[in-house]
Amino acid sequence: MRPDIKICGLKTPEAVDRAADRGASHIGFIFFEKSPRNIEPDIAGTLVDRVRGRVKSVAVTVDADNDDLDEIIALMRPDILQFHGHESPERLLTVKAVTGLPIMKAFSIRDADDLRRIEPYIGIADRFLFDAKPPSGSDLPGGNGVPFDWSLLRSLDDSVDYMLSGGLNKANIAEALRETGVRAIDVSSGVESAPGVKDLQMMDEFFAAVAEASRAQPVSGSVK
């Protein structure tokens, strides 16, 4: 069984179309000015409209305030909100109540203590996303193209639904799936020829690598 595949940091019609055509389950759009993948909400909305109903669209924010969220939701009309900052459980509860949208909460992982930080969010976040902690000097909370120790995820209860991110590419995706049995994966820099520039051939090669790895190592568990 193939995992969910989220292609994140999309900015062009060609990349959006290719993601949908290759069977991505999710497409992500970054609303964070420091990121090379930053996009304006109205442009994201136009891109999502190309494939609306075929894939789930994800709005990725970092400590966004209410006004920013209102604008993103109005112009993009995302299916899911992803939070990649220091948002508290109470903040996410409020956003869910007001918007009615599912929530994905991202955590940066380096050691077992980082995984324990998810506990207050269990039952609030509809899905978690685990990324690597950024390298020294990086201003980006994610999208840095570095993996973390996937063996840490063995300690998680099977009921914890998560998406694996951080340095995934065609060369290591088979190992990632074999090591974790993960039900969902997220890739951004692993299909880029330069920061923020999606490469259609690299996307094709990534999807092919996932398909091959999935045939060799079936993924267990339910998919949301």
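Setting aside neighbours within four places in sequence, Ser165 is in contact with Leu129, Phe130, Asp131, Phe148 and Asp186. That's a handy way into this structure, which is a predicted model. From there, the tour goes through a buried lysine, helix H7, the salt bridges and a couple of loop residues.

**Ser165 and its surroundings**

- Ser165 sits in the loop that runs from strand E7 (162–164) to helix H6 (173–180).
- Is Ser165 buried or exposed? Its relative accessibility is 6%, so it counts as buried, the cut-off for that label being under 20%.
- One of its contacts is polar: the side chains of Ser165 and Asp186 are joined at 3.0 Å.

**Lys6, a lysine tucked inside**

- Lys6 belongs to strand E1, and its relative accessible area of 0% makes it buried.
- Which residues does Lys6 touch, leaving out those up to four places away in sequence? The list is Ser25, His26, Gly28, Val58, Val60, Gln82, Leu129, Met163, Ile185, Asp186 and Val187.
- Two names on that list may ring a bell: Leu129 and Asp186 touch Lys6, and Leu129 and Asp186 are also in contact with Ser165.

**Helix H7, one side in and one side out**

- Helix H7 takes in residues 200–216, and its 17 residues should span 24 Å at 1.5 Å a residue; the end C-alpha atoms are 25 Å apart, which agrees.
- The buried residues in H7 include Met203, Phe206, Phe207, Ala209, Val210, Ala213 and Ser214.
- Those residues cover an arc of only 160° around the axis, so they end up on the same side of H7.
- Why does that kind of spacing work? An α-helix has 3.6 residues a turn, so residues three or four places apart point the same way.
- What covers the buried residues of H7? Among the covering elements are strand E1 (4–7), helix H1 (13–21), H6, strand E8 (184–187) and strand E10 (197–198).
- Flip to the face turned away from the buried side and you'll find the exposed residues Gln201, Glu212, Arg215 and Ala216.
- At the start of H7, Asp199 points a side-chain oxygen at the backbone nitrogen of Gln201, reaching to within 3.0 Å.

**Salt bridges across the chain**

- How many salt bridges does the structure hold? There are 19, and a few are picked out here.
- Side chains of opposite charge can pair when their charged atoms come close.
- Arg54 pairs with Asp21, with the closest N and O atoms 2.9 Å apart.
- Arg54 is in the loop between helix H2 (41–51) and strand E3 (56–61), while Asp21 is in helix H1, so this bridge ties together parts 33 residues apart in sequence.
- On the Asp21 side of that pair, the relative accessible area is 54%, so Asp21 is exposed.
- Glu192 and Arg37 make another salt bridge, at 2.8 Å from N to O.
- This pair links distant parts of the chain, 155 residues apart: Glu192 is in strand E9 (residues 192–194), and Arg37 is in the loop between strand E2 (26–31) and H2.
- Both Glu192 and Arg37 are buried.
- Lys133 meets Asp114 in a salt bridge of 3.1 Å, N to O.
- Lys133 comes from the loop between E6 and E7 and Asp114 from helix H5 (residues 112–116), so parts 19 residues apart in sequence are tied together.
- Lys133 is partly exposed at 29% relative accessible area, whereas Asp114 counts as buried at 5% relative accessibility.
- Salt bridges also form a network, linking Asp4, Arg127, Asp161 and Arg183.

**Two loop residues to compare**

- Where is Leu152? Look in the loop between strand E6 (127–132) and E7.
- Leu152 has 17% relative accessibility, so it counts as buried.
- Residues up to four places away in sequence aside, Leu152 touches Ile109, Arg110, Asp111, Ala112 and Leu115.
- Along the chain, Leu152 and Ile72 are 80 residues apart, and their C-alpha atoms are separated by 34 Å.
- His86 is also a loop residue, found between strand E4 (80–83) and helix H4 (89–99).
- Its relative accessibility of 74% means that His86 counts as exposed.
- From His86 to Lys56 is 24 Å in space, C-alpha to C-alpha, with their positions 30 residues apart in sequence.

Definitions and conventions. Residues are numbered from 1 along each chain as its sequence is written. This is a predicted model: local features need pLDDT of at least 70, side-chain atom pairs count only at pLDDT 80 or more; totals for chains, interfaces and linings use all residues. Side-chain values use heavy atoms; hydrogens and water are left out. Helices (H or I, at least four residues) and strands (E, at least two) are DSSP runs, numbered from the N terminus. Buried means under 20% relative accessible area, exposed over 50%, partly exposed in between (1.4 Å probe, protein chains only). A polar contact is a pair of N or O atoms within 3.5 Å; within protein, one must be able to donate a hydrogen and the other to accept it, and residues adjacent in sequence count only if both atoms are side-chain atoms. Contact means heavy atoms within 4.5 Å. The expected span of a helix is 1.5 Å times one less than its number of residues. The arc is that of the directions from the helix axis to the C-beta atoms. A salt bridge is a side-chain nitrogen of Lys or Arg within 4 Å of a carboxyl oxygen of Asp or Glu.
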